[in-house]
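Have the model open and ready to rotate as you read. We will walk through it together, starting with the whole and ending with single residues.

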Amino acid sequence: MTVTDKEYETAFGQPLRRKEDAHLITGQTRWVDNLSAPGMLYAAYLRSPMAHAKIRVNTEAAKSYPGVVAVYSAEDFGAAQAVIPDAWTVHPDMKKPVMTPLATDEVRYAGEPIAVVVAETRYQATDALEAIEVDYDPLPAVIDLEAAIGDDSPLVHSSIGTNTCFYIESPGEAYAAAKAQAEADGGVVITRRFLQQRLLPTPMEPRAVLVVPTIDDLTVYASTQIPHVLRLLLAMLTGHPEHKLRVVAPDVGGGFGGKINCLAEEIIGVHLAKRLGRPVKWTETRSENFLQMHHGRAQIQDIELAATREGKLLGLKVDLIADLGAGLRLFTAGVPMFGAAMFNAIYKMDAYQFNCRTVFTTMTPTDAYRGAGRPEATFAIERMMDELAAELGMDPIEVRKKNWIEHHEFPYTTISGSIYDSGNYEAATERAVELFGYDELKAEQKARRERGDRMQLGIGVSTFTEACGLAPSRVMGQLGVGAGGWERAEIRVTLTGKIQVVSGSTPHGQGHWTAWSQLVSDKLGVPFEDVELLAGDTATGPQGMDTYGSRSLVVGGSAIVKACDKVIEKAKRIAAHTLEANPDDLEFAAGVFTVKGSPGPQMAFVEVAAAAQLAHNIPDGMEPSLNSAYTFDPINLSYPHGTHLCCVEIDTETGFTSIYRYACVDDVGTVVNPMIVEGQIHGGLVQGIAQALFEEAVYDEAGNLITGTLVDYLLPSAADVPSFLTDRTETPSTDNPIGAKGVGEAGCIASTPAVVNAIVDALRPYGVNDVRMPCTPERVWRAIQGGQSQSGSVAKGGAQ
């Protein structure tokens, strides 16, 4: 369906089918691994099988293997191999241990690269790895987070003298007073410990990089979310001039934050291509992906909440221990701090204390994974709200109503200092309750309990908000992020009135081709089909800050809209000149310039485009082009929200849990394409449900990842999730020209606590107030049998 169909008069706001899908589903994609270059070589990496050890490497025997062109270890590169970069200085006293692309004298996690073989074929390179000799002198693994901060713990990095990266403690006097008030007035103080298990991003396409050298230039084809950022980092780290370095992200098969880093293999790939003078390609296996792509979540959350007996929140205290893994990646240190402003969520309270300790361990480094700090925060506060309701014997929705920000109070400055520009939690919740059949399911739950049925129901609630649209550059600077938060767009207008959109936002599944075409079609009045996107190539669009944190539409889309405004202003001058009118007297609608209040002459946008480039009759001093660019720097983050309701059915004899019904109503601000929004919600829901029920990266005591394949690491299939009941409310953002708020992470953030709240609700008659994620049948069954919380079933500090 296209905008030219009779059903739609305009493209904006319509569920147009995605332009990009045709080539994605017909085998016309350009993944990095599909690409080749004349004389191309293949790289394979030897990775440590141990979590922690001193190493001595001998590569000589591998050099004589058939087809091998070169073999390198860290010693061969020396200081030239540079370091793995990090970009977020959270605290001036934080520890930043050096980690190199290839391990030097010590490995610190299983899977860390030690050496690289370059050969004529992929299989020859892989075969030669077995000939590399490595002597491992084992060192103690550091797996338990709380043990890691003890005085007698082995050190992951002896050079920094501690396993703590940083510790931040906010003032606690206000919370202490709130707690004292609750205790003095007969209120409640609830404490819980929640464990956020490690998760593997698992994009459909593993990582890959192809580096092609020419006489002076390098072209890097990478499966990345950040081509512009990657170009800068590679230039800085390898010494290759930035203007002689081109980075291309062709079709990218998903990211979820997992492709937001500058990889060891990308840095080494540049060195290899320059040294050998030939193209070099590397594509990781799924097993490598599980070991080497950064992991997500991995936190211990000790939460305390104080409230009145009537259910009004007084204060919240968060003590967080975050597992950074073996070292820092671009945003590793900042992820727990990004969540710091979201623990208070949509609620009003008098006091909030946030303490955070980040810890190095001998496991794969962590970094941003879909939501990045916000799912962790949302899980904690939404679980606590259900715990408060249970403690007081109140309905979970009613206790939320007592505490949330009401729609007439926006804009609202939260206890953590965030400024929420708009929202309507009442409307979203009212619609979700109706869609879900809340009262009917409550009645069915009651009836099953009274009958003592084997199959019991539980109902969970999650009313969430999140911070999207990263981010005002000044704010990022104040937070210690080594980058700005702006985005760049250029509108190119051809002589025939066709449009090329050059966007710094890089697509990897979000629907940019379609949404950007809808924005431009609406603004310039051109057919949807006449708009083309150019993105993901630093040669085509050299400026951009790329795609992560639900920023594409909020920031990148706003840049496009503002660039269109500049095109219109240029076009208005030419149209006024041609129509012999004052530019201020012209109106522009549906692609046509007319004189206000006059039925007389008019000029179509396509005619203006031709006149601009022919330049036969344009105003004196005006350049013969409508092309315009804009760099948009947001003034605030955006705050989508929603209400998610989940009903689970639990077999009390086996612990097996299935989702009986799931309904959600999300408010993501102004919607450009409802079908794309629906797809983003569905995908996020599945990932959030997966954390609740299925996924967990597990390490043994020696630091070995024992869920290192898809046989062991359980991903849900379509058969494991229900059909979702979805709807939307719409309160536009007041801080960007579109009114958009972001949707990419909403489902993932909201669904996890909704599911776990439902499970705990089903088990409360058995004396259960928590089940540790993932809520596997065994854990649910054991909770029923034990009649007690599973949140403490792992020793405090358990890394799993």
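What follows is a short tour of overall form, charge pairs and two buried residues.

Keep in mind from the start that this is a predicted model. The protein contains 20 helices and 28 strands. Along its principal axes, the C-alpha trace spans about 85 × 75 × 50 Å. How does the radius of gyration fit with a compact globule? For 800 residues such a globule would have a radius of gyration near 28 Å, and the protein has 28 Å, so the two agree.

Next, consider the interior and the surface. Of the 800 residues, 61% count as buried. The accessible surface comes to about 29200 Å², and carbon and sulfur atoms contribute 51% of that area. The contacts tell us about the chain's path: taking those with a separation of 6 or more, 78% are between residues 24 or more positions apart.

Now for the charges. The protein carries 67 positive and 100 negative side chains, yet the centres of these two sets lie 1 Å apart. How many salt bridges are there? The count comes to 50.

One to look at is the salt bridge between K54 and E106, where N and O are 3.1 Å apart. This pair links distant parts of the chain, with K54 in strand β2 (residues 53-58) and E106 in strand β4 (residues 106-107), 52 residues apart. The two ends sit in unlike surroundings: K54 has a relative accessible area of 31% and is therefore partly exposed, whereas E106, at 5%, counts as buried.

Compare that with a pair inside one helix. R431 and E434 both belong to helix α12 (residues 425-436), three residues apart, or about one turn of the helix. Their side chains form a salt bridge, with the closest N and O atoms 3.2 Å apart. Here R431 is partly exposed at 26% relative accessibility, while E434 is exposed, with a relative accessible area of 58%.

A further salt bridge joins R492 to E490, and its closest N and O atoms are 3.5 Å apart. Both partners are partly exposed, R492 at 24% relative accessibility and E490 with a relative accessible area of 23%. Elsewhere, salt bridges that share partners bring R47, R207, E265, E284 and E288 together in one network.

Which side chain of opposite charge is nearest to E20? It is R18, 4.5 Å away. A salt bridge needs a side-chain nitrogen within 4 Å of a carboxyl oxygen, and E20 has none, although E20 is buried. To find E20, look in the segment before α1 (21-24). Leaving aside residues up to four places away in sequence, E20 touches G511, H512, W513 and T514.

Our last stop is V721, in the loop between α18 (674-693) and β28 (725-728). Is V721 buried or exposed? With a relative accessible area of 18%, V721 is buried, because the cut-off for that class is under 20%. Setting aside residues up to four places away in sequence, V721 touches V686 and I689. You can also trace from V721 to Y662: these residues are 59 apart along the chain, and their C-alpha atoms are separated by 9.5 Å.

How values were computed. Residues numbered from 1 in each chain as written. Predicted model: local features only at pLDDT ≥ 70, side-chain atom pairs only at ≥ 80, totals over all residues. Heavy atoms only, no water. Helix = DSSP H or I, 4+ residues; strand = E, 2+ residues; numbered from the N terminus. Buried < 20%, exposed > 50% of the residue type's maximum accessible area, 1.4 Å probe, protein only. Lys, Arg positive; Asp, Glu negative; His and termini not counted. Contact = heavy atoms within 4.5 Å. Rg over C-alpha atoms; globule rule 2.2 N^0.38 Å. Areas by Shrake-Rupley, 256 points an atom, 1.4 Å probe, with all protein chains shown as cover. Charge placed at Lys NZ, Arg CZ, Asp CG, Glu CD.
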